[in-house]
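User: I am new to this structure. Please walk me through a few of its parts.

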Amino acid sequence: MKTETRAVVIGGGIVGCSILYHLTKLGWRDAMLLERSELTSGSTWHAAGGMHTLNGDPIMAALQKYTIDQYKEIEKISGQSCGLHQVGELYLATNQDRMDFLKAEQAKSVYLNIDSRMLTVDEVLELNPLLNPDGILGAMYDASDGHMDPTGVTNAYAKAARLAGAEVHRHTPVTETQRLPDGGWLVKTPRGEIRCEVVINAGGLWGREVAAMAGVTLPIVPMEHMYLVTDSVPEIQALTRELPYTIDFDAESYMRQEGQGFLIGTYEQQCKHWAVGGTSADFGHELLEADLDRLMDRLSVAFKRVPALRFAGIKQVVNGPIVFAPDGNPVIGPMPGLPDYFVACGVMAGCSQGGGIGLAIAEWIIEGEPGRDVFAMDVARFGDWAGKAYVLDKTHENYGRRFKITFPNEELPAARPLLTSPVYDLMKERNAVFGASYGKEYALWFAPDGVEPYEAPTFRRSDAFAHVAEECRAVREDVGISEIATFAKYEVEGTGAERWLDGLLAGTLPGQGRMKLLPMLSPKGRLAGDFTVSRLAEDRFMIIGSGVAQQFHTRWFLSHMPHEGVSLRVITDERPGFSIAGPKARALLETITKTDVSNDAFPFMSVRELDLGPIRARVCRISFTGELGYEIYGRSEDHRALMLLLEKAGAPFGLTHFGGRAFDSLRLEKGFGAWTSLDFSPDYTAVESGMSRFVSANKTSYIGRSACLQQCEDGAKRKLVLLEIDALDADALGNEPILYQGRCIGHVTSGGYGHYTRKSVALGYVETAYCNEDQPVTVCILGDERPARVRLTALYDPRGTRMRS
């Protein structure tokens with residue numbers, strides 16, 4: 001065994017072996033994998049082997065498509081069979097909500113280039129004649145899905161990596177990982193020590209223990225998962241072709257053919273955590289004790305759907321642990337605070353996701369960034385608030401909802417409220433309906449007196465529609481107040497602060513007392529951040545960014561931080577904040593301060609320290625609503641008093657609380673994009689997103705400059721545009737295909753209803769040739785192609801005079 005290598009992968013499951021293979025594929029052939037026992041000795045060996053492209057997140061769906069498509073490649077390279085059975089997959093719908101869900105998912109596949117289609121009941125029975133059709137309305141069919149041999153795939157990855165020059169060492173448990181003073185890592189094993197540049201924790205069931213060696217905690221925990229295999233069934237023996245993989249959402253079960261029998265598993269409601277305190281080093285190729293009683297209520301539904309199951313004998317019950325994160329997605333990427341330490345854990349669907357995760361991690365290590373936005377899997381989507389109790393509550397909830405619909409307006413209750421602002425109780429008194437963002441509660445909308453603060457889950461316009469419309473009217477005509485405690489806030493200070501920020505951000509920094517919108521780019525010229533930057537003093541700045549991306553951006557900031565001359569503080573909780581917006585916002589402000597806040601004295605995109613009554617606050621002249629507005633950042637200890645002060649002063653002006661739903665409606669009418677897997681994300685460049693207008697042509701040095709200049713010269717093949725849609729009772733929300741004469745030319749990134757303009761509106765990326773005013777297109781909403789038109793200017797106040805007034 002070598003004593004030095006570039007990268008050490010810890011864990012020999014399907015994910016670890018995929019990472020090793022992809023490292024070699026991208027050029028790092030001097031890499032090593034260490035496995036404590038035999039390959040697959042964890043969750044991989046007992047996996048049911050299902051492979052699927054369906055995922056509510058299109059980024060995850062694309063990753064899963066890559067994984068499935070790659071299996072034939074590694075079979076060919078390694079000579080090792082992957083046991084592929086691409087028999088297709090049926091997703092059954094027995095109610096209208098499920099049909100809506102599947103139609104929306106099938107529409108996504110159009111721009112993701114996934115081979116899926118909707119089927120009638122008769123077409124379903126042609127593919128799976130063993131189904132009882134009672135209650136089935138239809139199904140979605142994905143031709144590329146099916147199942148594979150997890151052990152075969154893992155060994156194919158390992159063999160392909162070895163053929164490329166990598167090493168695989170079995171029976172080599174890692175006992176310690178140590179960060180070296182001069183950079184890199186020392187990995188200790190009973191067989192010797194290895195110095196390396198990068199460590200990748202793909203420890204699976206032991207991911208928590210491996211992380212603990214480096215002094216960090218991962219928000220993951222194993223869950224018991226059961227499936228059973230039946231004896232041979234005469235109805236299957238009589239078939240001439242293999243049955244498709246079938247998902248029955250009513251039974252919350254998956255089913256496929258295994259030999260001449262069935263394999264059927266379920267994500268039962270009475271789910272059970274395993275090894276909460278840690279996974280034993282002695283655990284390996286064992287199974288857990290079967291407990292079929294937990295499955296019987298769901299299996300009884302499955303027996304009605306597939307009558308042939310009723311009389312099938314049980315050959316084997318498999319109960320094995322698989323690792324979950326709180327939201328069910330993997331936990332991957334650079335570990336915040338640990339240079340050159342990557343994680344790839346919590347992968348409960350490794351057979352569908354292992355290949356894509358391997359590619360993303362290898363790209364991240366070698367090229368500095370993954371090939372596409374993977375925030376839905378990034379370990380940085382969680383903060384320190386995701387502690388043990390939170391992880392246990394959310395994983396229990398998520399496991400039991402694997403086959404349930406989560407509606408776009410639905411807020412799940414487990415582990416809430418977790419983080420609250422100082423005015424949470426006051427917001428509850430005002431009938432706020434809450435959502436959660438990065439662990440923190442925030443108001444979605446406010447129920448009027450006499451209305452229950454509840455919103456029924458739906459894919460269509462909800463029962464909150466009229467109440468959100470009233471909040472929007474108040475902002476457009478009077479003045480509204482919204483808490484902005486979920487915005488991420490940072491202070492940068494020091495003699496080197498200006499130089500550091502100037503090299504980090506692509507635009508020119510503001511002068512003292514001024515603000516600017518500034519993008520941050522990756523080395524490849526893709527969007528890494530979108531911030532409002534205020535200069536508080538010559539060497540002191542405040543940065544406002546996306547709340548859900550706080551850990552993501554903090555990791556980026558710190559990874560580019562000089563050794564001295566600059567300090568960075570996250571002040572999100574120190575400065576919670578309120579936004580007041582509307583034509584009467586200035587009049588309200590004038591009643592509580594003696595400072596001149598006229599347009600001449602306090603112009604648009606300025607920042608001031610003001611005394612508001614007895615409260616000292618940092619006030620920014622900006623609003624995401626498109627109206628005259630201010631963001632007011634007092635200290636946390638003054639937050640309650642500030643809200644009460646603003647309410648009392650605002651009453652004569654018709655001050656109304658408004659929440660996140662109204663914020664979205666108002667910003668869409670203005671064509672303002674939002675960050676993190678919506679309109680602005682690492683999937684897009686500054687040129688494509690329109691953020692290039694905030695990039696300085698005169699700056700000679702900033703991250704991503706060369707790539708951005710080349711993209712500007714080459715021109716964009718797609719651009720972000722506003723769409724006005726002739727919708728019915730449902731609006732585009734995101735990820736719907738945009739079509740022209742039946743051909744997909746783009747996709748929606750965010751959308752909703754513009755309550756003040758009374759128009760259904762969306763933002764989306766469209767091929768440049770179709771970025772023309774009034775360009776006719778169609779947008780597929782819940783399977784229905786709705787006429788739409790491209791708009792090159794905002795639907796409301798296109799010149800922006802109101803927010804500058």
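The questions below go through one sheet, two helices that cross, and one helix with a lysine in it.

Analyst: One note first: this is a predicted model.

User: In what order do the 5 strands of the open sheet stand?

Analyst: The sheet is open, and its strands pair in antiparallel fashion. Neighbouring strands are turned by 30° against each other on average, direction ignored. The order is β23-β24-β25-β22-β26.

User: Which strands stand at the edges of this sheet?

Analyst: An edge strand here has a single partner, so one of its sides is left without a neighbour in the sheet. That applies to two strands: β23 (515-521) and β26 (567-570).

User: How many bridges join β23 to β24?

Analyst: β24 covers residues 527-537 and runs antiparallel to β23. Across this pair, M515 stands opposite S534 of β24. The number of bridges is 7.

User: Which helix lies across β22, β23, β24 and β26?

Analyst: β22 spans 488-493. The helix in question covers residues 550-559 and runs at about 75° to β24. It is α14.

User: Are helices α2 and α9 roughly parallel or roughly perpendicular?

Analyst: Helix α2 covers residues 58-78, and helix α9 covers residues 350-367. Their axes come within 7 Å and cross at roughly 95°. Angles of 65 to 115 degrees count as roughly perpendicular. So α2 is, relative to α9, roughly perpendicular.

User: How many charged residues are in the contact of α2 with α9?

Analyst: On the α2 side, the contact includes M60, L63 and Y66. On the α9 side, I357 and L359 are among the residues. By class, the contact has 7 nonpolar and 9 polar residues; of charged residues there are no examples, so the count is none.

User: What does α3 reach from its first C-alpha to its last?

Analyst: Helix α3 has 17 residues. At 1.5 Å a residue, 24 Å is expected, and the model comes close to that. The reach is 24 Å.

User: Is K108 buried or exposed?

Analyst: K108 lies in helix α3, residues 96-112. Buried means under 20% relative accessible area. K108 has 8% relative accessibility, so the residue counts as buried.

User: Which residues does K108 touch, not counting those up to four places away in sequence?

Analyst: K108 is one of the buried residues of α3, along with others including F101 and L112. The buried residues of α3 pack against α2, β4, β5, β6, β33 and β36. K108 itself touches N55, G56, P58, N735 and P737.

Note on methods
Residues numbered from 1 in each chain as written. Predicted model: local features only at pLDDT ≥ 70, side-chain atom pairs only at ≥ 80, totals over all residues. Heavy atoms only, no water. Pairing = 2+ DSSP bridges. Helix = DSSP H or I, 4+ residues; strand = E, 2+ residues; numbered from the N terminus. Axes fitted to C-alpha atoms, helices over the stretch in contact; angles between N-to-C directions. Contact = heavy atoms within 4.5 Å. Buried < 20%, exposed > 50% of the residue type's maximum accessible area, 1.4 Å probe, protein only. Parallel < 35°, antiparallel > 145°, perpendicular 65-115°, else oblique. Nonpolar A, V, L, I, M, F, W, Y, C, P; charged D, E, K, R; others polar. Expected span 1.5 Å × (residues − 1).
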